[in-house]
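Please write a short report on the structure shown here. Cover the sheet, the cores, the ligand shell and any unusual backbone angles.

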Amino acid sequence: MILRIFPRLTHLTPAHDEYSIVGLPGLFQPPNVTEVHVSCTFTWDRKVAEGLAAAWGQYFPVVKLGGPAIAPPDEEFVPGRYVKRGVTFTSRGCNKNCQWCLVPKMEGKLRLLEIRPGNNIQDNNLLQCGHEHVGKVIEMLKKERFAARFSGGIDAELVDDWFAEALRGLRIDELYLAMDHPGAFRQVEQAAEKLSFLKTKSRQLRAYVLIGYNHDTLEKAESRCWDLMKIGVTPFAQLYQPADKWIEYSPAWKALAWKWLRPAVMAARERRREEIGEVEEVKEARPKKVRKERTKHVRVPADIFD
Ligand code: SF4
């Protein structure tokens with residue numbers, strides 16, 4: 001059996017069996033372990049992942065360190081192994097070369113994988129795969145028990161009439177477009193028009209918004225988020241982090257990112273804004289439920305292996 005080790009628990013970590021563990025070895029180890037795989041997703045967890053590999057190496061002779069932040073991913077995707085069940089990758093790599101993105105450096109050019117089941121498509125750039133492959137992915141999604149989620153970030157520039165039509169027969173929970181730079185707004189707007197049937201359900205059509213990159217300002221970042229709200233696309237702000245270091249953002253940047261992570265609050269803000277105009281700042285308390293979820297987040301402290 002392969003024992004999988006993760007530096008932190010995220011919403012994608014497989015936590016469904018005793019062979020998936022976050023952090024250091026405990027008192028008792030699972031039986032019949034043939035290999036230990038330490039899987040590191042984020043570049044800022046590399047040091048912790050290396051420490052975990054050494055710690056688990058005291059108990060098991062074969063320990064491999066990998067994951068998207070360490071090495072190119074396997075050409076075969078096994079559902080449930082390194083990401084929780086329901087998540088699937090049908091391709092690797094990307095043919096673009098965006099300056100802020102690690103994918104081309106870590107994974108290289110686009111390659112198609114065998115389509116394995118899962119309702120949550122996490123491909124880096126699904127629409128580069130071509131109509132034939134995407135059509136097969138949509139057929140797979142139609143057979144899934146749960147509604148489809150496109151949470152890998154759909155390249156707005158590549159959303160065409162064919163893709164919009166192909167999605168019409170599908171139950172869709174949410175679809176994320178990618179707006180990584182201000183110049184992409186027009187592409188997102190055009191994609192949102194083609195996918196307008198997804199705006200009927202609240203927060204069904206969303207967009208990742210990269211903030212804090214390349215001389216971005218708080219005002220510009222916030223303005224981009226509001227621009228998306230105006231066209232019926234719910235933003236999901238992501239603070240830029242480079243591969244080689246960790247940027248410690250100011251409280252103002254963190255507050256902005258936090259604000260645009262909460263769609264329910266944003267929707268309330270938008271309604272309030274419409275009622276009162278843009279002059280008054282709306283204040284609301286942090287929802288208790290979200291605070292509780294945050295305290296459940298598990299990760300290995302970065303300085304534990306100093
Ligand atoms: S940001 Fe998206 S389109 Fe650009 S290189 Fe990365 S995966 Fe490709």
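## The sheet

In this predicted model, six strands form an open sheet with parallel pairing. Their order is β5-β8-β9-β10-β11-β12. The edge strands are β5 (87–88) and β12, and each pairs on one side only.

Look at one edge. β5 runs parallel to β8 (residues 120–121), and two bridges join them. Here Thr88 stands opposite Ile121 in β8. Elsewhere, α7 lies across β11 and β12. The helix α7 runs at about 145 degrees to β12.

## The cores

In soluble globular proteins, nonpolar side chains tend to be buried together. The largest nonpolar core in this model has 37 residues. Those with the most contacts inside this core are Ile154, Ala156, Leu177, Met179, Val188, Ala207 and Val209. Several helices and strands give two or more residues to it. The strands are β9 (148–155), β10 (172–179), β11 (205–211) and β12 (234–239). The helices are α3 (131–142), α5 (185–194), α6 (218–230) and α7 (251–259). β11 gives the largest share, five residues.

Take Val188 as an example. Leaving out residues up to four places away in sequence, Val188 touches Ala156, Leu177, Met179, Ala207, Leu228 and Val233.

Another core lies apart from the largest one. This other core has 14 residues, among them Ile5, Val38, Cys40 and Leu65.

## Around the ligand

Which residues surround the ligand? Cysteines in the shell are Cys94, Cys98 and Cys101. Asparagines there are Asn97, Asn124 and Asn125. Lys96, Asp155 and Asp180 also belong to the shell. Val103, Pro104 and Ala178 complete the list.

How does this shell divide by residue type? Six of its residues are nonpolar, three are polar and three are charged.

## Two asparagines with positive phi

Asn32 is not a glycine, yet its phi is positive, about 60 degrees. Asn32 sits in the loop between β2 (20–22) and β3 (35–39). Is Asn32 buried or exposed? Asn32 is exposed, because just 7 other C-beta atoms lie within 10 Å, and a residue counts as exposed at 12 or fewer.

Asn214 also has a positive phi, about 55 degrees, although Asn214 is not a glycine. Its place is the loop between β11 and α6. Asn214 has 10 C-beta neighbours inside 10 Å, so Asn214 counts as exposed.

How values were computed
Residues numbered from 1 in each chain as written. Predicted model: local features only at pLDDT ≥ 70, side-chain atom pairs only at ≥ 80, totals over all residues. Near = placed C-beta within 6 Å. Nonpolar A, V, L, I, M, F, W, Y, C, P; charged D, E, K, R; others polar. Core = buried A, V, L, I, M, F, W, Y, C linked by C-beta atoms within 7 Å. Buried ≥ 20, exposed ≤ 12 C-beta atoms within 10 Å, placed from the backbone. Helix = DSSP H or I, 4+ residues; strand = E, 2+ residues; numbered from the N terminus. Contact = placed C-beta atoms within 7 Å. Pairing = 2+ DSSP bridges. Axes fitted to C-alpha atoms, helices over the stretch in contact; angles between N-to-C directions.
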